[in-house]
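Me: I would like to go through this model by question and answer, with the cut-off behind each term given when it first comes up. Could we begin once the sequence and structure are in view?

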Amino acid sequence: MTVVPARPLRLAYLVSHPIHYQAPLLRMIAAQPDIDLTVFFQSDYLLRPTVDPDYGVTIDWETDLIGGFNSVFLPRIGSGNQFSFFRPWTYGLWRRLVAGRFDALWVHGYARFDNILAMMMGRVLGLRILVRDEVTQDSKARGPIRSGLKRLFFQFLRGLCDGFTVIGTRNAAYYRQNGIPDQRMFLVPYAVDNAFFQNRSAAAGRQSPDLRRELGLDMNVPVILFVARLLELKRPDTLLAAYARIAGGAEAEQPYLVFVGDGPMHESLAAEAARLGLNRVRFAGFEGQLRLPAYYAMADVFVLPSEWEPWGLVVNEAMSCGVPVIVSDRVGCQTDLVRDGDTGLVVPTGDIDALAAALRRLLTDRTAAATMGEAGRALIDRWDYAADLRGLRQALGVPDPLPAP
């Protein structure tokens, strides 16, 4: 029998703005009888359809970002649409922390003045302080002086925080490199709503016939899928170049390459595809959550060839739908999720020949591709919000009423 404390632990969570990946997790936490959650947002960015500077289009995630949990939008000075060390600049958190009689403060991101100040407030109030950030040792090249200053900062951060809720192996390695001991780290993995993507992709059907007709794709022709901003950092040009190397011969034998997302490289990629005569390349533009599962349902291979990616949650999405994945070795989730030759394939960043070979392998060896897709889905089924909740409970010192799987 589970014994529920007389008073639930009161948890304050501070985050920049409503994030579609986090909303289902926050609802799950709020539903726990022994955790009383209040989310403090520093901005209402993306709460409504918003023009994104990277996509250059209006973004609408088509999902409820704040329902199912208590939330407060902190008052701020200036715009809430720009994010930097000093932005957004909010006020009023101290009063709310005192009035709410919180037991713990969980902060998303340490590289913001507001967040550092919030952790200092929490320390003064005697709260248990947790922090979550997606940074890895691959994030930036740092010289000895910068590395030394970073280590000093982490000594300060170690004094402020009781726990570091890590998103994965590379994130933990970065903390460890900067002097954070393992006993202060708790795995709260970067996850997506697996059931949502699995159910909706299954409903769309393996070929997603309606979507294929909309995009002008022939039935039963393999599809290579890319989902991300069309930015240099994501290396969509590397994927296009690799695709060009496998798309020779008769057009009827060529797979399709579908880019989902938008951004400053859209025009140059389209021009290059036209120059090379690649008539089976499609640019679908930005898509919200409701239609993405249909893209995964029709995909035979998913590719994320980024030059650097702190995690890459689109990989979680693809794997949850059983799609075999190819990622570069600088995609953060690769260490935990993409076991080369088992749950997917890993290629060196920027290596066009290696990416072309990986594409050719998965498109020609359908048995191997299906096996990798199934193995990836089995792995991602355990890399979920339930695992997040277990890790958060450990970090908070709240016993888990559910047995570990």
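Me: Which residue of S13 does valine 227 stand opposite?

Reply: This is a predicted model, in which local features need pLDDT of at least 70 and side-chain atom pairs count only at pLDDT 80 or more, while totals for chains, interfaces and linings use all residues. Residues are numbered from 1 along each chain as its sequence is written, and side-chain values use heavy atoms, with hydrogens and water left out. Helices (H or I, at least four residues) and strands (E, at least two) are DSSP runs numbered from the N terminus, and two strands pair if DSSP finds at least two bridges between them. Strand S12 (residues 223–227) and strand S13 (residues 256–260) run parallel and are joined by five bridges; phenylalanine 226 stands opposite phenylalanine 259, and the residue of S13 opposite valine 227 is valine 260.

Me: On the side of S15, which residue is the bridge partner of isoleucine 224?

Reply: S12 also pairs with S15, in the parallel sense and over two bridges. Within that pairing, the partner of isoleucine 224 in S15 is valine 301.

Me: How many residues of S12 are buried?

Reply: Buried means under 20% relative accessible area, exposed means over 50%, and partly exposed lies in between, with a 1.4 Å probe and protein chains only. On one side of S12, Val223, Leu225 and Val227 are buried, and on the other Ile224 and Phe226 are buried, which leaves both faces covered. S12 is thus mostly covered, and its count of buried residues is five of five.

Me: Which strands stand at the edges of the open sheet that contains S12?

Reply: Six parallel-paired strands make up this sheet, in the order S14-S13-S12-S15-S16-S17. Neighbouring strands are turned by 20° against each other on average, direction ignored. Since a strand with a single partner has one side left without a neighbour in the sheet, the edges are strand S14 (281–285) and strand S17 (344–347).

Me: At about what angle to S13 does helix H8 run?

Reply: Axes here are lines fitted to C-alpha atoms, for helices over the stretch in contact, and angles run from 0 to 180 degrees between N-to-C directions. Helix H8 (residues 236–246) lies across S12, S13, S14 and strand S15 (301–304), and its angle to S13 is about 170°.

Me: Which helix gives the largest share of the largest nonpolar core?

Reply: A nonpolar core is a set of buried Ala, Val, Leu, Ile, Met, Phe, Trp, Tyr and Cys residues joined through side-chain atoms within 4.5 Å. The largest has 96 residues, and those with the most contacts inside it include Tyr296, Ile326 and Leu359. With contact meaning heavy atoms within 4.5 Å, leucine 359 is in contact with residues including Ile224, Tyr243, Ile246 and Val301, its neighbours within four places in sequence left aside. The largest share of this core, six residues, comes from helix H13 (residues 352–364).

Me: Is H3 roughly parallel or oblique to H4?

Reply: Helix H3 (residues 113–124) and helix H4 (residues 144–160) pack with their axes 10 Å apart and at an angle of about 40°. On the H3 side the contact includes Ile116, Met119 and Arg123, and on the H4 side Phe153, Phe156 and Leu160 are among the residues involved. Angles under 35 degrees count as roughly parallel, over 145 as roughly antiparallel, 65 to 115 as roughly perpendicular, and the rest as oblique. The angle between H3 and H4 therefore makes their relation oblique.

Me: Which strands are at the edges of the seven-stranded sheet?

Reply: The order in this open sheet is S5-S2-S1-S8-S9-S10-S11, with parallel pairing, and the twist averages 25° from one strand to the next. Strand S2 (residues 35–41) pairs with S5 over four bridges, where valine 39 stands opposite serine 71. Each edge strand pairs on one side only, and the two are strand S5 (70–73) and strand S11 (185–187).

Me: Is aspartate 193 buried, partly exposed or exposed?

Reply: Aspartate 193 lies in the loop between S11 and helix H6 (194–204). Apart from residues up to four places away in sequence, it touches Pro24 and Tyr385, and its C-alpha atom is separated by 8.2 Å from that of leucine 25, 168 residues apart along the chain. Its relative accessibility is 27%, so aspartate 193 counts as partly exposed.
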